[in-house]
2 protein chains.
Amino acid sequence: MLKLSRLTDYAAVVMAQIARHHQASHTAADLAEAVQLPHPTVSKTLKMLVKAGLLESQRGVQGGYRLARPASQITAADIISAIEGPVAMTECSQAEGECELAATCGVADNWQRVSLAIRTLLESVTLAHLADTAPIKLPVQLPIQSISLSAASA
Amino acid sequence: MLKLSRLTDYAAVVMAQIARHHQASHTAADLAEAVQLPHPTVSKTLKMLVKAGLLESQRGVQGGYRLARPASQITAADIISAIEGPVAMTECSQAEGECELAATCGVADNWQRVSLAIRTLLESVTLAHLADTAPIKLPVQLPIQSISLSAASA
DNA sequence: TTAATTGGGTACCATTTTAGTCCTGTATAA
DNA sequence: TTATACAGGACTAAAATGGTACCCAATTAA
């Protein structure tokens, strides 16, 4: 499936919710209500997003969460890595050559290039795009050109 | 991480191995030896690839596995979906609107577009590319243009 | 026709990952 | 000072994943 974990999904939904009302501060309880998910789970997700620097939090009365920067400067890749860690398709495309099968593998390098292309794609999609109810019409063509999967030939 | 399962990784390595010697028939045992993985695991992977129509098998003496079609006509997306099922980033991007949170979600459509872009990218990478020890220099720019993530605006 | 070879299918178990919950602590504003 | 709300971590339950074993089916050559 190559799919996102459920928590990552929640994170995107919650971030979009905050982005649509970015002027206000949102409590975990309000957000949980808005997106119809259990409070503790939403809370956990929010904490991860704070730790990743995508949200800022304020404790106490009138506290809550706000975007740490404009939605146009937060990418899908940011949200995914906040929850799941770095975007990479294979174990070996993140850690440095720790794979003892490297000798017989023969596809590692090319997987890394594919990985890079996907990462670049995800970096070109912003929270502003995701939160928008209109279809994305972002310039995805452009960043992909800069990938061209031959990047590693340098 | 957005990562492939380990079996998918194995599948890619095994497929690449077969692709590099596509004239011969490969037994599960030979392949397991070549890629240094346990025989039963490789065997299981091979069966999935056969079921997906990417490999053909021949039983009996002198039997083994061969590519069902040229490596240039087998894509990374084919291999991934053979093992993990359809390439999709979220639950709801494969099944038809079964998500009861759709009302409060608000990001489903856009995730689907991202999903589509990734799928198209993976479809543009062939087994021939993966098996090649030289860096991929494939025309990834072109298919991406056809995505442009505005496809769903139609 | 029979024996050896090789894949096919299924069921099972162990491990890991994921998800969800709870508890206790800390900061803040009224 | 008290109610509110986030911070951090521990814990548990559930699910997915990976790996193994076993027995069956097909093919071929002697």
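These legends walk through close-up views of a predicted model, first around DNA strand C and then around a serine in chain B. Residues count from 1 along each chain as its sequence is written, while chains are lettered from A and ligands numbered from 1 in the order in which they are written. Because this is a prediction, local features need pLDDT of at least 70 and side-chain atom pairs pLDDT 80 or more, whereas totals for chains, interfaces and linings use all residues; side-chain values use heavy atoms, leaving out hydrogens and water.

**View 1. The surroundings of DNA strand C.** Here 23 residues surround the strand, where "near" means having a heavy atom within 4 Å of it. The closest are Arg6(A), Lys44(A), Ser57(B), Arg59(B) and Tyr65(B). Sugar or phosphate accounts for 68% of the strand's atoms within 4 Å of the protein, and bases for the rest.

**View 2. Side chains reaching DNA strand C.** These are polar contacts, meaning pairs of N or O atoms within 3.5 Å. Tyr10(A) puts a polar side-chain atom 3.4 Å from a phosphate oxygen, and for Thr41(A) the side-chain N or O atom to phosphate oxygen distance is 3.5 Å. Arg59(A) goes for a base oxygen instead, at 3.0 Å.

**View 3. Ser124(B) in its loop.** Ser124(B) sits between helix H6 (108-123) and helix H7 (127-131) of chain B; helices are DSSP runs of H or I, at least four residues, numbered from the N terminus. Is Ser124(B) buried or exposed? It's buried, at 14% relative accessible area (buried is under 20%, exposed over 50%, partly exposed in between, with a 1.4 Å probe and protein chains only). A polar side-chain atom of Ser124(B) lies 2.6 Å from the backbone oxygen of Leu121(B).

Key
Polar contact = N/O pair within 3.5 Å; in protein donor to acceptor, adjacent residues only side chain to side chain. Helix = DSSP H or I, 4+ residues; strand = E, 2+ residues; numbered from the N terminus.
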